[in-house]
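Visitor: Could you take me on a close look at a single part of this one? I'd like to hear about the empty space inside and whatever is built around it.

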Amino acid sequence: MPTETFEFQVEARQLLQLMIHSIYSNKDVFLRELVSNASDALDKLRLAALRDEAPDADVSDLHIGIEADAEARTLTVRDNGIGMSRDEVADLIGTIANSGTAKFLEQLKQADDPAGAQNLIGQFGVGFYSSFMAADEVTLVTRRAGETQGTRWSSRGEGTYTLESVEDVPQGTAITLHLKPADPENQLHDYTSPWKIREIVKRYSDFITWPIRMAAAPVAPADPAESGEAGAPAESAEPVAPETLNSMKALWARSREEVKDEEYHELYKHISHDWNDPLETIRLQAEGTFEYQALLFVPAHAPHDLFTQGYKRGVQLYVKRVFIMDDCEALLPSYLRFVKGVVDAQDLSLNVSREILQQDRHIQLMHRRLAKKVLSSVKDMMGAAPERYATFWREFGAVVKEGLVTDSDNRDALLAVSSFATTHDAAEPTTLAQYVERMKDGQDDVYFMTGESREAIENSPHMEAFRAKGIEVLLLTDPVDEVWTDSVGEYQGKRLRSVAKGEIDLDANDTDEPAESREKRDEEYAGLLAWMKEQLGEDIKDVRLSSRLTVSPACLVSDAHDLTPALENLYRAMGQEVPRTQRILELNPDHTLVKGLNRAFKDREDRTPLAETAELLYGLAALAEGGRPKEPARFVQLLADRMEQAL
C-alpha cells in the first residue's frame, strides 16, 4: 500500500501547535508518557498471551528499550508489546479520538498561568502528542502481535501526517523523536544524554514492572549544575550490554517505610495520567484466607468528565503482580469512581472476566472492605487535615452523596463524612452531627432546602419564618440532594424535613398567640381560600394559610410525599416520564395584599377582577421560587394592565 498523507483534525492541529510552541516548563514528562504507553502495551500482550488470545506472539523477553543517537539527534522508545494495526494507528494516533480534547483546549485557554496549564494535559489522554515538546518530527513504526505487516506513521506536527505499510517490522511499537536543539534556559535538555535519560526514568518510571533498558554505553554523569547537559558519549571499542534503568519493584508490595511520598505520587500519575499529586494515598493489606494488597489514591481535582456516561471508572487489578485489567469497576462502588489505584490479589484466576468479577465472592469482599477503607480515610482527614477535607468535599461531595441513595450498608459512614452549607455560617459547612448539637429546645426536625444556588435558597420565601426565628437550615444545591434526603429520611432519630414541603407550623409551641385567635383567623379566611382553590382549578392541589411566610404574600409548596419540581425535572432529564404534580398555594394572612384581597372578596359581588388578582398571586409565587407562571404571556399582560390602572 503506498504512502498516504492525511490532515489532522482541527482540534489536533491546535493541540500540536501548543506542543510545538510549548508553554509547559517541564518538558521531561514527554518521556514518562511514552514509557507509560509502552508499559500499557506490554501489559496488554501478556494478558492476551495468558488468555491464549495471541498464540503467535513472542513473550519471551518483554521489555522497554530506549536508544539515543547523539550524532543524529534522535531518541527512540520501543517496546515488544501488543502493537497496533494500521486502522488502530489511524484511529488512536492520526486523530485525537478523545471527546475531552475540545474541553482540554477550552480549559487551557482559561488557565491563568503556565503551571496551571501544564497540569491540564495529562487529564485528557493526549500524552503521545507531548513528544512534540522535544521533537521537530516524530516517527512511529508498529506491528500488532500475530499480524505480519507493520505500519509507519510520521509527522512534523505541521497539520499533516503520513501512513504507510511496511515489511519486516518487529512485534510492538517504536517511536523515534528527531529532537530539537538543546535549550537549557527553556528547560529543553539534551535528551540523547545518558545521565538525563537515567534521571527521568528513575524519577518518573522506577516502579514500572517491565525492565526499561538503555542501549547507549554507560558514561559518567555530567554535572547538571555546571552545564545543564551531558558531555559527548564515551567511546568504547567493546559492545556494552544494555543497562536496566528501573528497579521494577511494585510499590504496593513494599512497606510504607521503604517508599517515599514522591514515588507514590509518580505511580498515581502513571495510573491516572494526572499531572497533579494526589490529595490522599491509602494503603491496605489484607491477610488471612484471602490475601490482597491495595494502594489507592484520591485525586486533588475532579476529572472534567466525572458525571458523563462514558467516564471510565475503576482501579487496576493485578493477580500475583500480573496485570489483568485497567478499569475494574467491581472493586469500588460507583460513588467512589474518582478513586484511582492498584489492587493485587493472590488467589484469583488469571482468566477472570468482567462477568465473573460481578459474581465472585472474593471480589465482593474486597469491594466492601475497600469502600470502608476509603470512607474511614476521609473521616480521618476531617479531623487531622480539615483543609484537605474541604478540598475533597468541594471536588467530590456531589458524587459521594450518590452513595446515600445506593449504599445502605455504608450510609452511616457516608453521613459521617458529609458536610453541607448552612444558614449558621456563610463560610463554613456543617455536618449533621454538628447541626443536631445546635438544635433549639423543642426542635424535633433537621430542616433543609434544595435549590440551584445558596443565594436562590436564602432569598426564597420559604425561608422567611426560619430566618425570623433563627432556626438553622441546611442549604443543598446538588441535584442528588433531591433524592438522598428522601432516601435517608432521618438522622439520630431526627426527621429530615424540607422547608418547602408539607405543613410546617413553627408557631405550634408559641404561647404568644392563643389557639382561639388562630381558629378565628382560619374562619375569617375560609371563604377566600375555598374560592381561590375553585378559581385556580387543576393548577393547584389546595390553598391554605401559611406559617412559614413573614414578608412575601404567597408561596408554593409541595405536599409532604410529593415530588418537588426540581426532582420532576431530574427524572425527565434521565428520560423518565413522571406526571405533573399539583402544588399547594400558601397565603400570608399578615400581608397587606392578602388582607385586602380577603376584604374585597367579602365586600364585592363582582369578583372577576379578583380572579385575575388570584392568578397574579399564583404567578408571583411561582416566580419567587425560581419557576415560571403557567402562561407567561398572559401573566405579563395581566401585570401590565394592573400597573396601568395604578398610574
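**Around the cavity**

Guide: Sure, and keep in mind that this is a predicted model. Let's start with a helix and two strands: α2, residues 29-50, lies across β12 and β13. Against β13, helix α2 runs at about 110°.

Those two strands belong to an open sheet of 5 strands, and if you walk across it you meet β10, β11, β14, β12 and β13 in that order. The pairing in this sheet is mixed. As general background, strands of a sheet pair through backbone hydrogen bonds, either parallel or antiparallel. At the edges stand β10 (280-286) and β13 (322-328); each has a single partner strand, so one side of each is left without a neighbour in the sheet. How much are neighbouring strands turned against each other? On average by 15°, with direction ignored.

Zoom in on the edge with β13. Its pairing with β12, residues 315-319, is antiparallel and covers 4 bridges. Within this part, Tyr318 stands opposite Phe323 in β13. Hold on to Tyr318, because that residue turns up again in the lining of the largest cavity.

Now for the empty space. The idea behind finding it is simple: rolling a probe the size of a water molecule over the atoms shows where empty space is left. How many cavities of 30 Å³ or more does the structure hold? The count is 1, and the space in the largest cavity comes to about 100 Å³.

Which residues line that cavity? You'll find Ser39, Asp40 and Asp43 there, along with Phe207, Ile208 and Thr209. Trp252, Leu267 and His270 are in the lining too, and Gln316 and Tyr318 complete the list. Sorted by element, α2, α7 (261-272) and β12 are the ones that give two or more residues to the lining. So which element gives the most? That's α2, with 3 residues. By chemistry, the lining residues divide into 5 nonpolar, 4 polar and 2 charged.

Put the pieces together and you have this picture: helix α2 lies across β12 and β13, while α2 and β12 are also among the elements giving two or more residues to the cavity lining. Tyr318 links the two parts of the story, standing opposite Phe323 in β13 and lining the largest cavity as well.

Definitions and conventions
Residues are numbered from 1 along each chain as its sequence is written. This is a predicted model: local features need pLDDT of at least 70, side-chain atom pairs count only at pLDDT 80 or more; totals for chains, interfaces and linings use all residues. Side-chain values use heavy atoms; hydrogens and water are left out. Two strands pair if DSSP finds at least two bridges between them. Axes are lines fitted to C-alpha atoms, for helices over the stretch in contact, and angles run from 0 to 180 degrees between N-to-C directions. Contact means heavy atoms within 4.5 Å. On a 1 Å grid over the protein atoms alone, a cavity is a set of points where a 1.4 Å probe fits but cannot get out, and a pocket is an open set with protein on both sides within 12 Å along at least five of seven lines; lining residues have an atom within 4 Å of a point. Grid points are joined across faces, edges and corners, and a volume is the space filled by probe spheres set on the points. Ala, Val, Leu, Ile, Met, Phe, Trp, Tyr, Cys and Pro count as nonpolar, Asp, Glu, Lys and Arg as charged, and the others, Gly among them, as polar.
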